[in-house]
Amino acid sequence: MNNIRVNFSIKDLENLTGIKAHTIRIWEKRYNLLSPNRSDTNIRNYSLASLQKLLNISYLNNNGLKISKVANLKEEEIPIKVREIASRAKVEDHAMNALKMAMINFDQVLFYSTYNNLLETKTFSEIFYTVFLPLLNEIGLLWQTNTITPAHEHFLSIHIKQKILLNTERLQILEPKPVSKTFVLFLPENEIHDIGLLFINYQLRSKGYHTIFLGESVPMESLTDLLEFFEEITFISYFTVYPPEQEISGYINKFNEVLLDKENTNLLLLGKKLSDLNITNLPKKVSIFNSIENLVKDL
């Protein structure tokens with residue numbers, strides 16, 4: 001229990017709940033919704049219980065309950081009202097709040113129970129698109145603002161990876177389509193963020209395609225060996241942190257020269273590193289997608 005974080009700044013609360021610090025202060029003063037502790041220098045800090053309460057208040061407010069009505073609820077009535085609304089409204093927001101709490105507390109039981117509850121009404125793919133993917137995007141921002149530590153991010157990432165791998169393993173009993181077309185999934189050197197690529201691999205396998213997942217930090221030259229084994233290859237890669245912006249065009253052009261000279265070879269790319277790339281100058285065998293969903297639909 002010593003690893004559980006118990007104190008949060010008002011900026012932490014803003015980042016975790018999406019409620020502006022100014023609004024939090026107003027709610028404190030006008031409705032007495034939170035009771036922060038104060039340091040010797042009069043700086044607010046909030047307990048884990050306050051964070052949980054504010055996440056619940058945010059959920060209720062986002063689902064149409066005026067803050068004045070929330071303020072009239074007794075302390076124990078707030079989570080009951082959340083469960084009531086979650087049972088008939090969008091479950092995604094409630095699930096994201098629960099998963100944030102699981103991450104903050106390193107609470108595996110809460111992660112698994114939240115995931116299992118989602119499975120009652122959603123497929124795994126729907127959970128990934130509507131809950132995991134938005135949550136991962138938000139977690140990246142929380143890490144950048146020092147609201148959470150790398151340990152929190154790793155906790156969440158590894159549990160999501162486990163779910164992708166588990167669901168992919170269940171597909172191995174499916175016979176792939178004739179191996180006339182092979183998808184090779186890899187990350188460039190120094191790139192280690194593989195959740196998106198793992199999910200693409202799952203999606204391709206669920207469609208019956210033959211895939212080879214090579215994973216993180218693969219040197220470009222080592223991919224040439226695959227050209228000797230397969231007649232038609234579509235390479236897929238995900239640029240989250242690498243290559244650096246100034247090296248991306250050079251990387252793509254070199255890839256085109258080294259690996260796409262053979263007939264029936266293509267490269268599909270996605271990732272936030274590509275958002276500012278001039279796509280009009282791309283080699284004809286290279287395509288860029290703005291989302292996993294669009295890439296998968298195009299196949």
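# Sheet, helices and burial in a predicted chain

Me: Which strands does helix 11 (residues 245-259) lie across, and at what angle does helix 11 run to strand 7?

Reply: In this predicted model, helix 11 lies across strand 4, strand 6, strand 7 and strand 8, and its direction makes an angle of about 160° with that of strand 7. Angles here are taken between N-to-C directions and run from 0 to 180 degrees, so the value is to be read with the direction of each element in mind. Helix 10 (residues 195-206) lies across strand 4 (182-186), strand 5, strand 6 and strand 7, and runs at about 145° to strand 6.

Me: What makes the five strands an open sheet, and in what order do the strands stand?

Reply: The order is 5-4-6-7-8, with parallel pairing. Strand 5 (210-215) and strand 8 (286-289) stand at the edges with a single partner strand each, and therefore one side of each has no neighbour in the sheet. On average, and with direction ignored, neighbouring strands are turned by 20° against each other.

Me: How do you know that strand 6 and strand 7 pair, and in which sense?

Reply: Pairing requires at least two bridges between two strands, and strand 6 (residues 233-238) is joined to strand 7 (residues 265-270) over six bridges in the parallel sense. Among the partners, Ile233 is bridged to Thr265 of strand 7, and Tyr238 to Leu270 of strand 7. The criterion of at least two bridges is therefore met by the six of this pair.

Me: How many bridges join strand 4 to strand 6, and how do the two strands run?

Reply: Five bridges join strand 4 to strand 6, and the two strands run parallel; one of the bridge partners in strand 6 is Thr234, which is matched with Phe183. With at least two bridges needed, five are enough, so strand 4 and strand 6 count as a pair.

Me: Why is strand 6 called mostly covered?

Reply: Six of its six residues are buried, and a residue is called buried when its relative accessible area is under 20%. In a regular strand the side chains alternate between the two faces of the sheet. For strand 6 both faces are covered, with Ile233, Phe235 and Ser237 buried on one side and Thr234, Ile236 and Tyr238 buried on the other.

Me: Is Val184 buried or exposed, and what relative accessible area does Val184 have?

Reply: Val184, in strand 4, has a relative accessible area of 0%, and since buried means under 20%, the residue counts as buried. Its contacts beyond four places in sequence are with Ile212, Leu214, Leu223, Leu226, Ile233, Thr234, Phe235 and Ile236. The C-alpha atoms of Val184 and Ile212 are 4.8 Å apart in space, although the two residues are 28 residues apart in sequence.

Me: Does Asn201 count as buried or exposed, and at what relative accessibility?

Reply: Asn201 belongs to helix 10, and its relative accessibility of 8% falls under the 20% cut-off, so the residue counts as buried. Beyond four places in sequence, Asn201 touches Thr168, Leu185, Thr211 and Phe213.

Me: Where does Asn32 lie, and what is notable about its phi?

Reply: Asn32 lies in the loop between helix 2 and strand 2. Most residues other than glycine have a negative phi, and most peptide bonds are trans. Asn32 is not a glycine, yet its phi is positive at about 55°. At 56% relative accessibility, Asn32 is over the 50% limit and therefore counts as exposed. Leu33, in the same loop between helix 2 (21-31) and strand 2 (37-38), has 6% relative accessibility and so counts as buried. Leu33 is in contact with Trp27, Glu28, Lys53, Ile57, Ile67 and Ala71, leaving aside neighbours within four places in sequence.

Me: Why is Phe106 called partly exposed?

Reply: Its relative accessible area is 28%, and values that are neither under 20% nor over 50% are called partly exposed, so the term applies to Phe106. Phe106 lies in the loop between helix 6 (91-105) and helix 7 (108-119), and its phi, near 50°, is a positive value in a residue other than glycine.

Me: Which form does the peptide bond from Tyr242 to Pro243 take, cis or trans?

Reply: The bond is cis, with omega near -5°, and Pro243 is placed in the loop between strand 6 and helix 11.

How values were computed:
Residues are numbered from 1 along each chain as its sequence is written. This is a predicted model: local features need pLDDT of at least 70, side-chain atom pairs count only at pLDDT 80 or more; totals for chains, interfaces and linings use all residues. Side-chain values use heavy atoms; hydrogens and water are left out. Helices (H or I, at least four residues) and strands (E, at least two) are DSSP runs, numbered from the N terminus. Contact means heavy atoms within 4.5 Å. Buried means under 20% relative accessible area, exposed over 50%, partly exposed in between (1.4 Å probe, protein chains only).
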